[in-house]
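Hi everyone, thanks for having me. I'd like to walk you through one structure today, so please take a look at it with me.

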Protein chains: 2
Amino acid sequence: MNKNPEPTIHDIAKELKISASTVSRALNDNPRISLKTKEKIKAVADSLGYRPNTLASNLRNKKSNTIGIVVPLINRYFFSSVISGAEDIAYKAGFTVVISQSNDLASKEINIVQSMFSNRVDGLIISIAMQASTFEHLKLFRKKNIPLVFFDRAVPEIETDKIVVDDFAGGFRVTQHLIDQGYQRIGHLAGPQNLIIYRDRKNGYIEALRKNGIDYDDKLIIYNRLTSDEGVTATQQLMSLSNPPDAIFCGNDTTALSAMIYLRNRGIRIPEDVGIVGFSNEPFSKVVSPSISTISQPGFEMGQKAAELIIRKIENKERTYQTIVLPTELIVRESSTRK
Amino acid sequence: MNKNPEPTIHDIAKELKISASTVSRALNDNPRISLKTKEKIKAVADSLGYRPNTLASNLRNKKSNTIGIVVPLINRYFFSSVISGAEDIAYKAGFTVVISQSNDLASKEINIVQSMFSNRVDGLIISIAMQASTFEHLKLFRKKNIPLVFFDRAVPEIETDKIVVDDFAGGFRVTQHLIDQGYQRIGHLAGPQNLIIYRDRKNGYIEALRKNGIDYDDKLIIYNRLTSDEGVTATQQLMSLSNPPDAIFCGNDTTALSAMIYLRNRGIRIPEDVGIVGFSNEPFSKVVSPSISTISQPGFEMGQKAAELIIRKIENKERTYQTIVLPTELIVRESSTRK
DNA sequence: AAATAAAATGCAATCGATTGCGCATTTGTA
DNA sequence: TACAAATGCGCAATCGATTGCATTTTATTT
């Protein structure tokens, strides 16, 4: 297949009757090599169409210049935004990003993470799978001292850098907003409670109720996986209560949309009869009708911050761990505005 | 930093007082090694926490088990779907995917592609940048015989595998549909004509007009970059013609949405006064109101196909090039239905 | 028991770039 | 002029895994 093997520094060296070390140094702008020699070498490198073999270089340097990113699903706006932001920063810093999706499966996540380790990524940015329950594969990174950054879905028992939004405040604000709009009985579509983000959102919701002297009714909380389908079922459950809610705080925008569609089909008006608020500010939440009130979750910025953080760690400029909590912002739209 | 360096096959060998070659063979299940030895070796490997160093292996094997994917913007539903589909297949076949975004800039695209070459990707899947005009960086891959697959935005003068949708038929169908709905004067927001996909969409549009005996008026075609902002400007231009259109075929869904918002703000009703059709079936097109008629463009499947194709090429199971044209499907929704 | 065949393992080079150490040549200084 | 200090460059080992060929060990046959 490969008729003409790639030229190497040795080929350049042979051409000029000098040593490969000199070529290597010249191409890396090492001051030990004279300007004249450097120029000659670069000229020959060009004429031969030389491209450094990063694999060889990485092996020797014991680093891959690569950052691994693991998300539940690439094909989701929030996550693809994070990836986009991280790639942006990584590229500018000369890093390559390798990407995998766990499909929210623990087993795949474990495989991916181990394979990234074998590939000797210099750092790992991850948002863990919904189904994940053991974290040995991640502890491996900590043990080997390979920088690890969680974003959005973090693991509390692993001490490392984290970038999250203030989900508690988010849940609180959403609920307070609904109360302010005069809604009395507020339901909640809660996500899997093994993930802190969903626990926090729920706790914010509960706290807001408490603070406003509203009785907490656990029948109003439906736990589900926040998919489009489960959102419909959950809404159905809520509305068939003997005392159904007049507002629903949905764990994400997807279920908010499901709820809206379900309610609309039943002739229930939004926001007049039932108020709806989502979470994450997916692009569609702005353009559907009625537009969905939600909490912003700046994916691109999170990705950028995650990459910045991990690069600082990789370059050993920093030793301490930090948890960056991005502020949440309530975006009030039509679906919850009745005043 | 790295207090305990990673164990290598040599450490395993030393432990068992055998040679590294034997260890390597054992771990690769080479039949030349006896079962007994294999078991001993695997046990020690486990106890040492050995993880193969893919870099070293790749260097020796002259392949990286990596597929590069370059898209204009990761953070766009269509592209992230393609990535997701490709990752899906690649992962199952034991490949890693590395991802970069060109931001639709030729210069960044060139850098990325060269860097991927240096990283010795085994194959490259790419949708070229809008701004791209020279393709030497891609020809490099062809020259070196590294599998190259275009999707969506292909380069006609490079002979290689391509996966596209039938844009011409798409443009034709959209236009025919608008005519069938009784629209008389159909405008078009066209994308940059250096990309075939946009040329084809426009040509399909023109052909449909011709076939229906409708005069072609080039004032009705506004060329732009199909961004949200330019979509507004372009619509504005169209509507301020002395003889404005009663329907607009927008080059993508983003501009379709822009057009709708612009028109709505001017009190123009959709689809009654003006019909709108987009292209690509972005998720929001279904949920906005009115919902946007559009052409489906199955990103996930395209990604899967692209990965399958490139893997076959990498594994040398195939030598001939093919262009897979996925059929277009018109999705009729509210924005263009007035009958 | 000797000879032959078969099975199991080891040696050493290789992939391509990097780098500590050392040698040789040039430049500077007294 | 002589000697020290730069300066410029090469040698050879290294990163960790792989593999053609050689060698040793074990099994089989006569």
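I'll start with the sheet and then move on to two helices of chain B.

Keep in mind that this is a predicted model. Let's look at the sheet: it is open and made of 12 strands, with mixed pairing. If you trace the order, you go S11(A)-S5(A)-S4(A)-S3(A)-S1(A)-S2(A), and then on through S2(B)-S1(B)-S3(B)-S4(B)-S5(B)-S11(B). Which strands are at the edges? They are S11 (323-326) of chain A and S11 (323-326) of chain B, and each pairs on one side only. On average, neighbouring strands in this sheet are turned by 20° against each other, direction ignored.

Now zoom in on chain A. Strand S1 (residues 66-71) and strand S2 (residues 96-101) of chain A pair in the parallel sense, over six bridges. As one example, A:Gly68 has A:Val98 in S2(A) as its bridge partner.

On to the helices. Helix H5 (residues 77-92) of chain B lies across S2 of chain A as well as S1, S2, S3 and S4 of chain B, and runs at about 175° to S1(B).

My other helix is H6 (residues 106-118) of chain B. Which of its residues are buried? Those are B:Glu109, B:Ile112, B:Val113, B:Met116 and B:Phe117. Viewed down the axis of H6(B), the buried residues fall within an arc of 140°, so they line one face of the helix. Here's the background: an α-helix has 3.6 residues a turn, so residues three or four places apart point the same way. The buried residues of H6(B) pack against S1, S2, S3 and helix H7 (136-143) of chain B. Finally, just after H6(B), B:Arg120 takes a positive phi of about 60°.

How values were computed. Residues numbered from 1 in each chain as written. Chains lettered and ligands numbered in written order. Predicted model: local features only at pLDDT ≥ 70, side-chain atom pairs only at ≥ 80, totals over all residues. Pairing = 2+ DSSP bridges. Helix = DSSP H or I, 4+ residues; strand = E, 2+ residues; numbered from the N terminus. Axes fitted to C-alpha atoms, helices over the stretch in contact; angles between N-to-C directions. Contact = placed C-beta atoms within 7 Å. Buried ≥ 20, exposed ≤ 12 C-beta atoms within 10 Å, placed from the backbone. Arc of directions from axis to C-beta.
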